[in-house]
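Reader: Could you take me through this structure step by step? I am still learning how to read one.
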Amino acid sequence: ACGKGWVYTFTLWAYPGHEQFQSFCAAWIAELAHRTLPPVYVEDPSHEVFWTRWVSEDRQRILLLNTDWTAPGNEKDVTLVMPEKRLPIRIPEGTLVCATVENGRVEVEILTI
């Protein structure tokens, strides 16, 4: 433990992405990421939606972008996970979606880029 967080050190004979370590390291990092999820996050089964979270006092803004450019107009379904509810959101290709979470309410805006 270091301060309020943790530091992990890999002592391997090759870099963590080496073919002999890649599966183990990817699973380990995924487990660490899952353990440290913020109170509001996005579940994306497609792994094609980029999202980021901006926090300011009592408000959180989640920005989502469908990064699958392989087919015009495709849509990805994600779930916005909050402490007391789950909200399904469809993210069309070529749009930026902003979900604002404040005082237990959620407002979703779809912006065309």
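Reader: What does the secondary structure of the chain come to?
Author: The chain comes to 1 helix and 7 strands, where helices (H or I, at least four residues) and strands (E, at least two) are DSSP runs numbered from the N terminus. The radius of gyration, taken over C-alpha atoms, is 17 Å, well over the 13 Å that the globule rule gives for 113 residues, so the chain is more spread out than a compact globule. That rule is 2.2 Å times the number of residues to the power 0.38.
Reader: Where do the numbers come from?
Author: This is a predicted model, in which local features need pLDDT of at least 70 and side-chain atom pairs count only at pLDDT 80 or more, while totals for chains, interfaces and linings use all residues. Residues are numbered from 1 along each chain as its sequence is written, and side-chain values use heavy atoms, leaving out hydrogens and water.
Reader: Which side chains of β3 are buried?
Author: In strand β3 (residues 59–66), Gln60, Ile62, Leu64 and Asn66 point to one face and are buried, meaning under 20% relative accessible area with a 1.4 Å probe, protein chains only. Arg59, Arg61, Leu63 and Leu65 point to the other face and are not buried.
Reader: Why the alternation?
Author: In a regular strand the side chains alternate between the two faces of the sheet.
Reader: And what does Leu64 touch?
Author: Leaving aside residues up to four places away in sequence, Leu64 touches several residues, including Val42, Trp51, Val78 and Ile91, with contact meaning heavy atoms within 4.5 Å.

Definitions and conventions:
Buried means under 20% relative accessible area, exposed over 50%, partly exposed in between (1.4 Å probe, protein chains only).
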